[in-house]
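These are my notebook entries on a single protein chain. I set down what I looked up, in the order in which I looked it up.

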Amino acid sequence: MAGTNHSDGSIRCHHCAGPLSKNMETSNWNIPPLVRDSFSMIGSAVGGTTSAFYGFNHVMPVVRKNVKGPMWLHFLIATPPVMVFSSACAGLAGGAVPAFAQLISSSYHASLSSPPSEDDKIQKSRASTTL
């Protein structure tokens, strides 16, 4: 796997523009920890809140239909499965949102730093010619 040298001295794969040396893993391609933690917190809040609404709207009619008794008993029975579902969704969203932000950031930097390919040159030459 051959690498390409760029003006900043970094060695990157010519296929995927990924870093080929250990010191490149902490480059400007990574999202800063504060932003990553903020995305994680926002993702957890949105995932947990959305799944709690979704869970209660789908669990409560089933509990009301199958369990006879006061409303507090319905909530007592419906709360544990909704809490488990909500926690799982919050955890998934808390990890997926920052990972998606990192993917977008890396893709953007890779597209800017990669040299133009032969296909790009052909398309530019076709676009510049008038028929």
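Entry 1, contacts along the chain. I began with contacts between residues at a separation of 6 or more, and found that 49% of them join residues 24 or more positions apart. I note here that the model is a predicted one.

Entry 2, elements. I then listed the secondary structure and recorded three helices and two strands. Read from the N terminus, their order is β-β-α-α-α.

Entry 3, burial and surface. The chain has 131 residues, and I found 21% of them counted as buried. The exposed area comes to about 9,500 Å², of which carbon and sulfur atoms supply 67%.

Entry 4, helix H2. I turned to H2, which covers residues 71-113. How far does H2 reach from its first C-alpha to its last? I noted 60 Å for its 43 residues, close to the 63 Å expected at 1.5 Å a residue. I also looked for a bend and located one of about 35° at Thr 79. A proline, Pro 80, follows within four residues of that position.

Entry 5, the buried side of H2. I asked which residues of H2 are buried. The list runs from His 74, Ala 78 and Val 82 through Ser 86, Ala 90, Ala 93 and Gly 94 to Pro 98, Ala 101, Gln 102, Ser 105 and Ala 110. I recorded that H1 is included in what covers these buried residues.

Entry 6, His 74. I chose this member of H2 for a separate check. Is His 74 buried or exposed? Its relative accessibility is 7%, and the cut-off for buried is under 20%, so His 74 counts as buried. Setting aside neighbours within four places in sequence, I found His 74 in contact with Met 60, Val 63, Arg 64, Val 67 and Gly 69.

Entry 7, a nonpolar patch. I next examined the surface and noted a nonpolar patch of about 380 Å². Which residues make this patch? They are Val 35, Phe 39, Ile 42, Val 46 and Val 97. Helix H1, residues 33-66, gives the largest share, with four residues.

Entry 8, Val 97. I closed with this patch residue, which lies in helix H2. Its relative accessibility is 33%, and therefore Val 97 counts as partly exposed. For H2 I thus have on record both a buried residue, His 74, and a partly exposed one, Val 97.

Definitions and conventions: Residues numbered from 1 in each chain as written. Predicted model: local features only at pLDDT ≥ 70, side-chain atom pairs only at ≥ 80, totals over all residues. Heavy atoms only, no water. Buried < 20%, exposed > 50% of the residue type's maximum accessible area, 1.4 Å probe, protein only. Contact = heavy atoms within 4.5 Å. Areas by Shrake-Rupley, 256 points an atom, 1.4 Å probe, with all protein chains shown as cover. Patch = residues over 30% accessible without salt bridge, like charges linked within 9 Å, V, L, I, M, F, W, Y side chains within 5 Å. Salt bridge = Lys/Arg side-chain N within 4 Å of Asp/Glu carboxyl O. Expected span 1.5 Å × (residues − 1). Bend = angle between axes of the 7 residues up to and from the residue.
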